[in-house]
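Visitor: I'm new here, and I'd like to know how the labels people put on a structure are earned. Could you show me one and walk me through it?

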Amino acid sequence: MHPTIKSKASIMFPCLASIPDSYWMQCEIRTVSPSMSPSIREGHMFQHAVFVLCGTVRIFKVNEQGREITLYRVQDGQNCVLMMASILGDTPYEASMEIEVETELLLVPIPLFKKWIEICQPLKQFIFGQMVERITSVMTLLDNVAFRPITYRIAQFLLGCTEENHATLRITHEQVAIELGTAREVVSRALKVLTDNRLISQGRGYIEVLDRDGLSQVLQDGVL
């Protein structure tokens with residue numbers, strides 16, 4: 001038995017607290033960083049169920065032309081619902097993963113994880129609850145991509161990534177394009193529009209929000 005692993009994991013994932021001690025023998029906690037973590041790409045077959053104890057993992061899709069779009073991030077006390085769907089359905093992974101900062105992971109071998117699912121109702125409820133939340137967020141993302149102008153999406157992104165007292169975001173046009181699933185040139189044109197309207201200022205590697213109310217108005221009107 002690994003009491004330290006169980007106690008540590010149960011702090012971030014209370015749904016695991018009721019799993020018997022004997023069902024933790026093969027689990028491990030591993031720390032990975034952006035420089036050392038192996039990339040997990042679409043089509044991967046998992047050997048472990050992964051729970052994020054602390055850190056950030058970006059989940060994204062890549063199209064045939066190599067363009068990326070961020071679907072969501074998995075952080076402290078969460079797991080990737082697409083990974084869970086892959087594991088429970090015995091199907092290849094439908095996205096890609098990237099470790100963004102040093103991240104601590106709980107790794108549970110697949111056969112053991114499936115036993116956990118059988119005996120632990122709180123774990124089932126947690127996973128299905130996460131699925132509902134992520135499906136909702138991804139549907140919102142798809143709606144924005146399909147129906148919202150890029151100025152709206154950038155305004156929404158900037159408001160979500162900054163605060164009144166922390167208005168500067170360290171990010172490049174290319175990184176914004178990856179987050180939003182569009183081309184860098186499209187992002188650059190839209191940022192210029194926001195700059196010309198004095199809603200933001202920008203320089204090499206940063207964007208500063210000057211007028212939060214103005215960006216909020218872009219969201220309300222739907223277009224600038």
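Visitor: Why is tyrosine 93 called buried?

Guide: One thing before that: this is a predicted model. Now, tyrosine 93 has a relative accessible area of 1%. Buried means under 20%, so tyrosine 93 earns the label.

Visitor: What makes tyrosine 93 and phenylalanine 46 an edge-to-face pair?

Guide: Start with the distance. Their ring centres lie 5.0 Å apart, and the limit for a pair is 6.5 Å. Then take the angle: the planes stand at 80°, and over 60 degrees counts as edge-to-face. So edge-to-face is the right name for this pair.

Visitor: Which parts of the chain does that pair link?

Guide: Phenylalanine 46 lies in the loop between strand 1 and strand 2, while tyrosine 93 is in the loop between helix 2 (81–89) and strand 5 (96–99). The two are 47 residues apart.

Visitor: Is phenylalanine 46 buried or exposed?

Guide: Phenylalanine 46 has 11% relative accessibility. With the cut-off for buried at under 20%, phenylalanine 46 counts as buried.

Visitor: How many aromatic pairs are there in the whole structure?

Guide: The search finds five. One of them is formed by tryptophan 24 and tryptophan 116, and that pair is tilted.

Visitor: Why is the pair of tryptophan 24 and tryptophan 116 called tilted?

Guide: Look at the angle: 50° between the planes. Stacked needs under 30 degrees and edge-to-face needs over 60, so what falls in neither group is tilted. The centres are 4.7 Å apart.

Visitor: What does that pair tie together?

Guide: Tryptophan 24 sits in the loop between helix 1 (3–12) and strand 1, and tryptophan 116 in helix 3 (residues 110–119), so the pair joins parts that are 92 residues apart in sequence.

Visitor: How do you know whether tryptophan 24 is buried or exposed?

Guide: Its relative accessible area is 0%, so tryptophan 24 is buried. Tryptophan 116 also counts as buried, at 0% relative accessibility.

Visitor: Which residues form an aromatic cluster?

Guide: Phe13, Phe51, Phe113 and Phe126 make up one such cluster.

Visitor: Which members of the largest nonpolar core touch the most other members?

Guide: That core has 45 residues, and the ones with the most fellow members in touch are Leu16, Ile59, Leu106, Phe113 and Leu123. Leaving aside neighbours within four places in sequence, leucine 16 has contacts including Trp24, Leu106, Trp116 and Leu123. Apart from this core lies another one of 22 residues, with Ile154 and Phe157 among them.

Visitor: Why would such side chains gather?

Guide: In soluble globular proteins, nonpolar side chains tend to be buried together.

Visitor: What makes strand 1 and strand 2 edge strands?

Guide: Strand 1 (28–32) and strand 2 (48–54) each pair on one side only. They belong to an open sheet of three strands in the order 1-6-2, with antiparallel pairing.

Visitor: How do you know that strand 1 and strand 6 pair?

Guide: Pairing takes at least two bridges, and five join strand 1 to strand 6 (residues 103–109). So strand 1 and strand 6 clear that bar. As one example, glutamate 28 has leucine 107 in strand 6 as its bridge partner.

Visitor: Which strands make up the sheet with the order 7-9-8?

Guide: As the order says, strands 7, 9 and 8, in an open antiparallel arrangement. Four bridges join strand 8 to strand 9 (residues 206–209). Helix 7 (residues 184–196) lies across strand 8 and strand 9, at about 125° to strand 8.

Visitor: What makes arginine 58 a charge over a ring?

Guide: Arginine 58 lies over the face of phenylalanine 60, at 4.1 Å from the ring centre. The distance limit is 6 Å, so that value falls inside it. Another case is arginine 148, with its charged end over the ring of tyrosine 152, 4.4 Å from the centre.

Visitor: Is arginine 134 buried or exposed?

Guide: Buried, at 13% relative accessibility. Arginine 134 lies in helix 4 (residues 121–147), and its contacts beyond four places in sequence include Tyr72 and Arg73.

Visitor: And why is glutamate 179 called buried?

Guide: Its relative accessible area is 14%, and the cut-off is under 20%, so glutamate 179 is buried. Glutamate 179 is found in helix 6 (residues 173–180) and touches Arg58 and Phe157, among others further than four places away in sequence.

Conventions:
Residues are numbered from 1 along each chain as its sequence is written. This is a predicted model: local features need pLDDT of at least 70, side-chain atom pairs count only at pLDDT 80 or more; totals for chains, interfaces and linings use all residues. Side-chain values use heavy atoms; hydrogens and water are left out. A nonpolar core is a set of buried Ala, Val, Leu, Ile, Met, Phe, Trp, Tyr and Cys residues joined through side-chain atoms within 4.5 Å. Buried means under 20% relative accessible area, exposed over 50%, partly exposed in between (1.4 Å probe, protein chains only). Contact means heavy atoms within 4.5 Å. Rings of Phe, Tyr and Trp (its six-membered ring) pair if their centres lie within 6.5 Å; planes under 30 degrees apart count as stacked, over 60 as edge-to-face and the rest as tilted. A charge sits over a ring if NZ of Lys or CZ of Arg is within 6 Å of the ring centre and within 35 degrees of the ring normal. Axes are lines fitted to C-alpha atoms, for helices over the stretch in contact, and angles run from 0 to 180 degrees between N-to-C directions.
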